[in-house]
Amino acid sequence: MRPRENIGVFDSGYGGLTILKEIVRVLPQYNYIYLGDNARAPYGTRSFEMVYRYTGEAVKKLFELGCRLVILACNTASAKALRTIQQVDLPEWDPEKRVLGVIRPSVEALGQYSRNGHVGILATRGTVNSLSYPMELEKLYGKQRFKITQLACPMWVPLVENNELEGEGTIYFIRKYVQELLTADPKIDTVVLACTHYPLLRPLIVRCMPPQVQVIGQGHIVADSLGDYLKRHPELEERLGTEGRVTYYTTDEAEWFERMGGIFMGEKIKCTRLVI
């Protein structure tokens, strides 16, 4: 009988649900456990040390809950914690388990999208300060392939988490950051929404962008990358349960998570509170 192991999806709060939603759409057959560390969110303004500590605790909890593979569906956690967890912690915890992030798949996909190499990265301050996107792009494509312009958008996450997805105030802050980005580099032809909250604002972001600028979310990119990863690692895929089950956990108030999570997932969800 096939062991019923799960794919874990972790985020500091609700944003990773935009990744989970696309993963479930592309790969609906597997069992998923989502964990949002809402009690300690946001991660974007925290130090490398705290993000690494919190992320490690969450990953270990997902392993305890029966996850064979964990996706860090959080750009800040991917930027500040992923590499150390992969290289230092996993060999000690369990060398057969895997932790993946969202930055590398996004960077790999950029070569297919940008025509002129001028790319904008809209993200939290933590992701911007980590320089993870410029470093990964240089590592993969060399120094000359892309001109990267990064911009932190500190007002966007609060707007999403207060369900302010439209209206004049929201448009003001979207237009403000878009204009700032394009002023820094008017040649930008591709923009990455490098925070998992931002896809909920994508319709307004697109409206404020010039028509020639592509606005790329990460959900479908990460989902396709995960599907490819599982094909290349059949020894891992064979150990995954295939009941198509999704379980939700939060470190904060379950009722509030259900309310907000339903907005992100586009359907009602049930959630359980746990301590990590």
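**Exercise 1. Pairing around Ile7**

Find which residue stands opposite Ile7 in S2, then work out how S1 and S2 are joined.

*Solution.*
Step 1: Start at Ile7 and look across to S2, where Tyr32 stands opposite. Keep in mind that this is a predicted model.
Step 2: Now take the two strands as a pair: five bridges join S1 to S2, and they run parallel.
Step 3: Follow the chain to see how it gets from one strand to the other. From S1 it passes through helix H1 (residues 17-26) to S2, and this β-α-β crossover is right-handed.

**Exercise 2. The other neighbour of S1**

Describe how S1 pairs with S3, and name two residue pairs along the way.

*Solution.*
Step 1: Look from Ile7 towards S3 and you'll meet Leu69 standing opposite.
Step 2: Go to Gly8, whose bridge partner in S3 is Val70.
Step 3: Put the strands together: S1 and S3 are joined by five bridges and run parallel.

**Exercise 3. Inside or outside?**

Decide whether the residues of S1 are buried or exposed, and sort them by the way they point.

*Solution.*
Step 1: Recall the general pattern: side chains in a regular strand alternate between the two faces of the sheet.
Step 2: Sort the residues of S1. Asn6, Gly8 and Phe10 point one way, while Ile7, Val9 and Asp11 point the other way.
Step 3: Check burial, using the cut-off that buried means under 20% relative accessible area. Six of the six residues of S1 are buried, so the strand is largely enclosed by the rest of the structure.
Step 4: Try S3 as well. There too, six of the six residues are buried, so S3 is largely enclosed by the rest of the structure.

**Exercise 4. Building the whole sheet**

Extend the picture from S3 to S4, then give the order of the strands in the sheet.

*Solution.*
Step 1: Step from S3 (residues 67-72) to S4: three bridges join them, and they run parallel.
Step 2: Pick out the facing residues. Leu69 stands opposite Arg98 in S4, and Val70 stands opposite Val99 in S4.
Step 3: Lay out the full set. Six strands form an open sheet with parallel pairing, in the order S4-S3-S1-S2-S9-S10.
Step 4: Mark the edges: S4 (98-100) and S10 (271-273) each pair on one side only.
Step 5: Add the twist, which averages 25 degrees from one strand to the next.

**Exercise 5. Helices across the sheet**

Which strands do H2 and H11 lie across, and at what angle do these helices run to S3?

*Solution.*
Step 1: Take H2 (residues 48-64). Helix H2 lies across S1 (6-11), S2 (32-36), S3 and S4.
Step 2: Take H11 (residues 219-232), which lies across S1, S3 and S4.
Step 3: Read off the angles. H2 runs at about 150 degrees to S3, and H11 runs at about 150 degrees to S3 too.

**Exercise 6. Two helices crossing**

Work out how H5 and H11 are arranged, and what kinds of residues make their contact.

*Solution.*
Step 1: Look at the axes of H5 (residues 103-113) and H11: they come within 9 Å and cross at roughly 110 degrees.
Step 2: Compare that angle with the range of 65 to 115 degrees, which counts as roughly perpendicular. H5 and H11 are therefore roughly perpendicular to each other.
Step 3: List the partners. From H5 come Pro105, Ser106, Ala109 and Tyr113, which meet His220, Ile221 and Ser225 in H11.
Step 4: Sort by class, and the contact of H5 with H11 has four nonpolar, three polar and no charged residues.

**Exercise 7. Backbone oddities and a buried serine**

Locate the cis peptide bond and two residues with a positive phi, then look at Ser132.

*Solution.*
Step 1: Go to the peptide bond from Ala41 to Pro42: this one is cis, with omega near 0 degrees. Pro42 sits in the loop between S2 and H2.
Step 2: Move to Leu131, in the loop between H6 (125-130) and H7 (132-141). Leu131 isn't a glycine, yet has a positive phi of about 60 degrees. Its relative accessible area of 43% makes Leu131 partly exposed.
Step 3: Visit Asn163, in the loop between H8 (156-161) and H9 (168-184). Asn163 isn't a glycine either, and has a positive phi of about 60 degrees. With a relative accessible area of 40%, Asn163 is partly exposed.
Step 4: Finish with Ser132 in H7. Ser132 is buried, at a relative accessible area of 9%. Leaving aside residues up to four places away in sequence, Ser132 touches Ala79, Ile103 and Thr127.

Conventions
Residues are numbered from 1 along each chain as its sequence is written. This is a predicted model: local features need pLDDT of at least 70, side-chain atom pairs count only at pLDDT 80 or more; totals for chains, interfaces and linings use all residues. Side-chain values use heavy atoms; hydrogens and water are left out. Two strands pair if DSSP finds at least two bridges between them. Helices (H or I, at least four residues) and strands (E, at least two) are DSSP runs, numbered from the N terminus. Axes are lines fitted to C-alpha atoms, for helices over the stretch in contact, and angles run from 0 to 180 degrees between N-to-C directions. Contact means heavy atoms within 4.5 Å. Buried means under 20% relative accessible area, exposed over 50%, partly exposed in between (1.4 Å probe, protein chains only). A crossover is right-handed if, with the strands pointing away from the viewer, the path from the first strand over the helix to the second runs clockwise. Angles under 35 degrees count as roughly parallel, over 145 as roughly antiparallel, 65 to 115 as roughly perpendicular and the rest as oblique. Ala, Val, Leu, Ile, Met, Phe, Trp, Tyr, Cys and Pro count as nonpolar, Asp, Glu, Lys and Arg as charged, and the others, Gly among them, as polar.
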